[in-house]
Amino acid sequence: MPQAFRSERVLTPDGLRPATVVVEGERIASVRAWDDLPTGATLNDYEQLVVMPGLVDTHVHINEPGRTEWEGFETATRAAAAGGVTTLVDMPLNCIPETIDAEALEAKRAAAKGKTWVDWAAWGGVVRGNADSLPGLVAAGVRGFKCFMIHSGIEGFAWVDENDLRLALEKLRGTRLPLLVHAEIAEPVESATARLHAERADPCAYSTWLTSRPDAAEVDAIALLIHLAEELSTPIHVVHLSSAKALSMLTGARERGVPITVETCAHYLCFTSGQIPDEATVFKCAPPIRDAANRERLIEALGAGDIDMIVTDHSPCPPEMKFPPDEGNFNLAWGGIASLGLTLPAVWRVMHSRGVKLESMAKWMASAPAKLAGLEGRKGALFTGADADIVVFEDAAEWTISESDLRFRHKLSPYLGLKARGQVRETWLRGELVFSAGTFFGAPRGVEQVRA
Ligand SMILES: [Zn+2]
């Protein structure tokens with residue numbers, strides 16, 4: 001029997017309007033006029049609540065297998081479901097083994113079995129020396145690859161230089177799969193760090209951490225990536241752009257047709273360096289959260305279409321690593337921010353106050369990331385033939401994020417206490433209710449979206 005999802009405010013690919021989404025089995029059968037109900041359909045009438053596509057988050061560190069005490073498929077995907085995220089793409093590092101060959105991918109698939117509350121997919125890893133393993137990962141169905149241009153923090157995930165990048169891009173040429181790159185290079189970081197050390201800068205001050213990861217590290221890395229994407233005509237994706245100083249260069253390259261895309265993260269939009277207290281290592285991430293003017297430029301760039309999408313870079317760890325025994329020292333704390341499931345209402349509050357529309361939110365958090373992962377035929381928007389991944393969003397609710405809203409493994413996040421706008425009331429995965437009013441339904445039935 002078909003199901004009908006009706007609302008005065010459905011976020012269709014043509015905009016927010018009264019409509020009825022008809023679902024048969026796991027797929028959307030049609031998107032119709034509000035009063036055009038098929039006979040015999042079960043009606044879910046949401047009146048004024050927003051009916052929108054399930055979000056797609058292409059930057060998540062699930063850490064399983066190998067570091068399940070940091071996070072895991074069960075807890076990460078529950079957090080996702082509660083936050084309206086119906087598809088995750090998992091990063092190839094922080095898990096053991098790192099996803100740098102096909103055997104490691106099989107280990108990840110085995111670990112995920114029966115534990116995922118939402119759909120997921122995998123990025124493969126590019127590290128120094130694994131170019132010959134890339135075709136195997138392509139054949140095994142990864143959605144693209146990820147690498148670092150600076151130390152990743154994980155010993156088993158070696159960073160790459162220009163030669164390694166060229167080797168990898170040659171292997172990926174023709175697959176059209178994107179290479180996602182952590183775009184910071186070592187030299188500006190090393191010289192800033194040496195200077196701070198000579199000045200005996202306080203490692204517990206946020207300003208020390210910020211100064212140690214200068215804009216130049218991002219700008220120089222992105223200049224090289226633009227050059228390589230242009231020369232080799234191979235798609236490159238810049239992950240977690242923090243520095244607005246790289247924007248003009250990126251925009252110029254994109255105008256010339258260089259295949260380069262770019263994401264920023266919710267934490268660069270919700271926080272500014274001036275608000276971060278010293279010793280607050282819960283905010284530590286790389287590249288770092290920069291000042292308020294930089295944040296406004298990132299928001300403007302999203303509006304102008306110069307940044308494609310917003311992701312979480314959800315990267316948790318156990319509390320003792322985020323707050324090591326020498327408490328408040330940014331050098332010792334693990335870098336990474338836990339945020340899965342919180343970012344729609346947190347970012348919506350920031351954007352709503354600046355006059356942004358929900359259509360833009362859906363583009364940045366659903367359709368654009370779906371496209372990056374090659375999932376645009378099935379995910380990221382409400383259209384005939386798409387998976388029936390549906391979120392019911394009460395967009396005007398004002399509230400404050402508290403510990404019970406943190407559904408991931410460790411209740412540790414800079415989003416705690418942050419004011420948010422809008423709440424996810426229901427999440428549906430491929431036609432079945434997963435989450436409603438704080439409760440999870442059914443069993444984990446998420447499926448890996450393997451590239452055919
Ligand atoms: Zn990351």
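The C-alpha centres of domain 1 and domain 2 lie 34 Å apart in this predicted model. The domain assignment of the chain places residues 3-45 in domain 1, while domain 2 is made of two segments, 54-376 and 400-420. The points below take up a run of parallel strands with the helices that link them, and then two helices of 13 residues, α10 and α5.

**Strands β6, β7 and β8**

- Strand β7, which covers residues 85-90, has six of its six residues buried, so this strand is largely enclosed by the rest of the structure.
- On one side, β7 is joined by four bridges to strand β6 (residues 55-60), and the two strands run parallel; within this pairing, Asp-57 stands opposite Leu-88 of β7.
- To pass from β6 to β7 the chain goes through helix α1 (residues 73-82), and the β-α-β crossover formed in this way is right-handed.
- Strand β7 also pairs with strand β8 (residues 119-122), again in the parallel sense and over four bridges, and here Leu-88 stands opposite Trp-120 of β8.
- The connection from β7 to β8 is made through helix α2 (residues 102-112), and this β-α-β crossover is likewise right-handed.

**Helix α10**

- Helix α10 spans residues 292-304, and its 13 residues reach 19 Å from the first C-alpha to the last, which is close to the 18 Å expected at 1.5 Å a residue.
- The buried residues of this helix are Arg-295, Leu-298, Ile-299, Ala-301 and Leu-302; seen down the axis of α10, they fall within an arc of 160 degrees, so they line one face of the helix.
- As background to this pattern, an α-helix has 3.6 residues a turn, so residues three or four places apart point the same way.
- The packing partners of the buried residues of α10 are α8 (247-255), β13 (260-265), α9 (266-270) and α13 (358-372).
- On the face of α10 turned away from its buried side, the exposed residues Ala-293 and Ala-304 are found.
- Gly-305 follows α10, and its phi is positive, near 85 degrees.

**Helix α5**

- Helix α5, formed by residues 186-198, likewise has 13 residues, and the distance from its first C-alpha to its last is 18 Å, close to the 18 Å expected at 1.5 Å a residue.
- Just after α5, the backbone at Arg-200 takes a positive phi of about 50 degrees.

Technical notes:
Residues numbered from 1 in each chain as written. Predicted model: local features only at pLDDT ≥ 70, side-chain atom pairs only at ≥ 80, totals over all residues. Expected span 1.5 Å × (residues − 1). Buried ≥ 20, exposed ≤ 12 C-beta atoms within 10 Å, placed from the backbone. Arc of directions from axis to C-beta. Contact = placed C-beta atoms within 7 Å. Pairing = 2+ DSSP bridges. Right-handed = clockwise from strand over helix to strand, strands pointing away. Domains from an automatic or database assignment.
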